[in-house]
Amino acid sequence: MDLLAVLLLFGSGLAAYGEGFFAGSGNGTRDENGACQCFVYLPDPTFPVTRVEQLEIQAVSLLASVEREITKIGVYTNKISVYEKRMQNLTLRVDRLEKGEITYTELDFELLRIEIKEMESLVSQLKASFSDSNFLVDQLYLEIRNMSRTVSSLEALDKNNVLSVRREILSLKKRLQECEELKNTTTIPTPSPPILYGSCNHGPISNISQPFVVQLNWRGFGFKAGAWGKDPEPVAPKKELYWQAPLNTDNRYMEYYRYYGSYDDFLLYKNPAEKRITYGQGSGMVVYKNYLYYNCHSSRDVCKLDIETNTLVVRKTLPNAAYDNRFSYSTPWQDIDVVVDESGLWVIYATEESTGNIVISKLNETTLNIDKTWVTKQYKPSVSSAFLVCGVLYATRTVNTRQEEVFYMYDTKTEQEGRVSVVYSKMMEYIYGVNYNPKDHKLYAYNDGYLVTYDLSFSPVVQAPKPA
């Protein structure tokens, strides 16, 4: 019964009472002075209108609180359902790591750890929203913590690159098997000379290894584009020179770079020489003989910088070179790409005259003058990156978010071009600066902020067989 009905009922009852009181024959007397005295009997309790109003207000407030709690329960139920599905996915991935069904690297563990920490944080917030303990949430939190410990223990098993050693062992076994098969042939092939670092006594690229993640760039995960590498010919007294140059977060400006005097210092971010310039553009830079070569900002110029003094030594214009994202690689601001191979310094670019096709020029490393130029038939914006090995240009393209392919080659010695297919893996989606080092036959790639290396394998030089 609501308050209005109660008040109406009380009012009608009071009216009836008053009507009976005044209409009835009262029990009255007169005093000694003749004054009339009357006695009136009223009901004992008065109606509690104030208390009824308070009860109604409390009832409305309680109903609103119950509705809010019911809504929160629905939200938490949906969240728990989502977390449960993510838990199942993570559990499956960890199980595959434990069983050795997939090849895993340091970056795999890092990505797993980030996702687990994110879920742990979300479940902690969910726990905090409950005033009392909730068994389902507590169990979910416990499983996430156990999974985090499992991933850490798995990572510890691969500290010494056990998988890389296993791959090398499998490769050696395959070569031994091939040697056994050659024993039964009627001709004895002339053995190919061993492939030497820094020489060109080999054929084209035949294989690219799995990526080896060295580390995240020193500026952090948000700096997706850039380049890094190892100087193939550092000038004394330097014995080694490792460098990295993450672009600013706009993926265009090169403002800061670092170099290190040893690989150990590089890995530990120890004793860096950090310098600032204003500005380079894009990821097409390389360090060669203690000089940094790069595309000067918003120009068709190649700049040569002494990294010891951080001073600009030479600035030279590439005639007719397109710039400012006109014919970039498939990633932006990669218009002019300076690279190194066994014979020295090269530059890869495009012009309006070449209709966007790749142009290759051999540079004089001292003056940056062009010695010779070749024009290819490969459209540059369809290429994700390029590099030269022994005067042969190799161009890559994206297959999917986890694979790249070397698909095109151009030999500057014969001026012949051709199609190839060497597919290799990548850890993240976009590869920016790629630098080949002739002294160790490695590619140094900048993969969405991570510094990655690849080992190149080459076909042997074909030798005529000797008669048995």
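# Briefing: disulfides, aromatic pairs and a four-stranded sheet

With -100° about the S-S bond, the disulfide of cysteine 200 and cysteine 390 is left-handed. The pair bridges distant parts of the chain, 190 residues apart: cysteine 200 sits in the loop between strand 3 (187–188) and strand 4 (205–208), and cysteine 390 in the loop between strand 18 and strand 19 (392–400). Please keep in mind that this is a predicted model. Besides the disulfides, the notes below walk you through an open sheet of 4 strands, some of the 13 aromatic pairs found in the whole structure, two charges placed over rings and two prolines.

**Disulfides**

- The count comes to 2 disulfides, and with the bonded cysteines numbered in sequence order the pairing reads 1-4, 2-3.
- In the link of cysteine 200 and cysteine 390, the sulfur atoms are 2.1 Å apart.
- How do its two ends fare for accessibility, starting with cysteine 200: buried or partly exposed? Cysteine 200 has a relative accessible area of 42%, so it is partly exposed.
- Cysteine 390, by contrast, is buried, because its relative accessible area of 12% falls under 20%.
- Cysteine 296 and cysteine 303 form another disulfide, with 1.4 Å between their sulfur atoms.
- The torsion about the S-S bond of cysteine 296 and cysteine 303 is about 60°, so this disulfide is right-handed.
- Both of these cysteines count as buried: cysteine 296 has 2% relative accessibility, and cysteine 303 has 1%.

**The sheet of strands 18 to 21**

- The 4 strands of this open sheet follow the order 18-19-20-21, and their pairing is antiparallel.
- Strand 18 (385–389) and strand 21 (416–425) are the edge strands, each pairing on one side only.
- From one strand to the next, the twist averages 25°.
- Strand 20 (residues 403–411) is joined to strand 21 by 8 bridges, and these two strands run antiparallel.
- Which residue of strand 21 is the bridge partner of valine 406? The partner is valine 422.

**Aromatic pairs**

- Among the 13 aromatic pairs in the structure is the one formed by tyrosine 242 and tyrosine 263, with 5.2 Å from centre to centre and 50° between the planes, a tilted arrangement.
- Tyrosine 242 belongs to strand 7 (residues 242–246) and tyrosine 263 to helix 6 (residues 263–267), so this pair links distant parts of the chain, 21 residues apart.
- Tyrosine 242 counts as buried, at 6% relative accessibility, whereas tyrosine 263 counts as partly exposed, at 29%.
- In another pair, the ring centres of tyrosine 424 and tyrosine 454 are 5.1 Å apart and the planes stand at 75°, so the geometry is edge-to-face.
- Why does this pair tie together separate parts of the sequence? Tyrosine 424 lies in strand 21 and tyrosine 454 in strand 24 (residues 450–458), so the parts it joins are 30 residues apart in sequence.
- Tyrosine 424 and tyrosine 454 are both buried.
- Tyr242 and Tyr263 also belong to one aromatic cluster, together with Trp228, Tyr260, Phe266 and Tyr444.

**Charges over rings**

- Arginine 252 places its charged end over the ring of tryptophan 333, 4.0 Å from the ring centre.
- Lysine 380 has its charged end over the ring of tyrosine 329, at 4.2 Å from the centre.

**Two prolines in loops**

- Proline 272 is found in the loop between helix 6 and strand 9 (273–281), and at 34% relative accessibility it counts as partly exposed.
- Leaving out residues up to four places away in sequence, proline 272 touches Arg258, Tyr259 and Tyr260.
- The C-alpha atoms of proline 272 and tyrosine 260 are separated by 5.2 Å, with the two residues 12 apart along the chain; Tyr260 is also a member of the aromatic cluster.
- Proline 211 is in the loop between strand 4 and strand 5 (212–216).
- Is proline 211 buried or exposed? Proline 211 is buried, with a relative accessible area of 5%.
- Proline 211 and leucine 451 are 240 residues apart along the chain, and 9.8 Å separates their C-alpha atoms.

Technical notes:
Residues are numbered from 1 along each chain as its sequence is written. This is a predicted model: local features need pLDDT of at least 70, side-chain atom pairs count only at pLDDT 80 or more; totals for chains, interfaces and linings use all residues. Side-chain values use heavy atoms; hydrogens and water are left out. Two strands pair if DSSP finds at least two bridges between them. Axes are lines fitted to C-alpha atoms, for helices over the stretch in contact, and angles run from 0 to 180 degrees between N-to-C directions. Rings of Phe, Tyr and Trp (its six-membered ring) pair if their centres lie within 6.5 Å; planes under 30 degrees apart count as stacked, over 60 as edge-to-face and the rest as tilted. Buried means under 20% relative accessible area, exposed over 50%, partly exposed in between (1.4 Å probe, protein chains only). A charge sits over a ring if NZ of Lys or CZ of Arg is within 6 Å of the ring centre and within 35 degrees of the ring normal. A disulfide is a pair of cysteine sulfur atoms within 2.5 Å. Contact means heavy atoms within 4.5 Å.
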